[in-house]
Amino acid sequence: MHKKAQIGFGFFCWILFGILLFNVLTKSLFIRSIDTSGFALTAPVSKVKTTILTELTFMGDPVTVGIITIGLMLLLWRRGRATDSVWYGMLQFIGYCLVILIKYSVTRFRPSFRLINVSGYSFPSGHTFSTVIFMFTILALLLPYCKVKWQKIFLEIIGALWIIIIMYSRVYLHAHFTSDVIGAFLLASGWWLLANSQRTVFFHWLQKPINKV
């Protein structure tokens with residue numbers, strides 16, 4: 001995607017996030033409607049469904065994603081892609097600092113009747129943010145190796161489905177409201193696009209010191 005398009009879409013995502021954030025802070029009817037609809041969409045609750053989604057949601061945990069990201073960084077570094085290693089690690093870890101900052105600024109409490117034990121504040125969803133950034137990273141690394149169009153489409157579908165599964169699991173388990181996961185998706189998408197629009201500048205600044213290591 002062209003740099004100007006990345007900046008434009010990135011700001012658009014963050015504008016939508018800002019609108020959503022305002023409605024969350026004001027506890028608007030719009031937000032209550034979205035959240036109620038989300039819980040209704042993930043119903044009914046069953047023991048088997050809860051067990052499966054509890055296991056799946058673990059894979060979207062920021063700690064789990066962080067550990068996998070570190071492994072990916074080490075792999076890229078060993079393959080001589082030091083700048084990629086630092087870049088994708090930065091996108092994940094600095095981005096998550098943004099999530100923490102917003103969480104503790106908004107201080108939204110989590111939904112009642114949670115199906116799993118979870119602490120901390122609710123908006124935005126850390127699981128969703130981490131998963132979105134990680135899947136975008138995997139796609140960015142793998143898509144250039146796809147020789148035919150169907151392979152790219154297949155990878156993109158898998159990536160989108162995994163993000164949706166994590167978002168769905170967080171709402172189903174009542175760990176988050178629907179607006180939490182939507183907000184996290186918009187925040188992560190905006191962060192990814194805006195950061196990558198400046199990637200060339202970052203690489204130029206980082207290239208010399210890393211090559212000396």
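**Close-up views of an all-helical predicted model**

Leucine 173 is buried, with a relative accessible area of 0%, where buried means under 20% relative accessible area, exposed over 50% and partly exposed in between, with a 1.4 Å probe and protein chains only. The structure is a predicted model, in which local features need pLDDT of at least 70 and side-chain atom pairs count only at pLDDT 80 or more, whereas totals for chains, interfaces and linings use all residues. Residues are numbered from 1 along each chain as its sequence is written, and side-chain values use heavy atoms, with hydrogens and water left out.

**View 1. Surroundings of leucine 173 in the loop between helix H7 and H8.** Helix H7 covers residues 149-172; helices (H or I, at least four residues) and strands (E, at least two) are DSSP runs numbered from the N terminus. Once its neighbours within four places in sequence are set aside, leucine 173 is in contact (heavy atoms within 4.5 Å) with Thr50, Leu53, Thr54, Thr57, Arg114, Leu115 and Ile116. Of these partners, threonine 57 is 116 residues away along the chain, and its C-alpha atom is separated from that of leucine 173 by 9.2 Å.

**View 2. Histidine 174 in the loop between H7 and H8.** Although histidine 174 is not a glycine, it has a positive phi of about 60 degrees. With 19% relative accessibility, histidine 174 counts as buried.

**View 3. Helix H8 and its enclosure.** Because 18 of the 20 residues of H8 are buried, this helix is largely enclosed by the rest of the structure. Its end C-alpha atoms are 29 Å apart, which agrees with the 28 Å that 20 residues should span at 1.5 Å a residue, the expected span being 1.5 Å times one less than the number of residues.

**View 4. Helix H1 and the helices against which its buried residues pack.** Helix H1, formed by residues 3-25, reaches 32 Å from its first C-alpha to its last, close to the 33 Å expected for its 23 residues. Its buried residues are Gln6, Gly10, Cys13, Phe17, Leu20, Asn23 and Val24, and they pack against helix H2 (29-42), helix H5 (82-106) and helix H8 (178-197). Leucine 21, also placed in helix H1, touches Val106 and Phe123 when residues up to four places away in sequence are not counted.

**View 5. Lysine 27 in the loop between H1 and H2.** Phi of lysine 27 is near 50 degrees, a positive value in a residue other than glycine, and this residue comes just after H1. At 62% relative accessibility, lysine 27 counts as exposed.

**View 6. Two cis peptide bonds, each leading into a proline.** Alanine 43 and proline 44 are joined by a cis peptide bond with omega of about 0 degrees, and proline 44 is found in the loop between H2 and helix H3 (47-58). The peptide bond from phenylalanine 123 to proline 124 is likewise cis, with omega near -5 degrees, and proline 124 has its place in the loop between H5 and helix H6 (126-142). Proline 124 and leucine 21 are 103 residues apart along the chain, with their C-alpha atoms separated by 9.0 Å.
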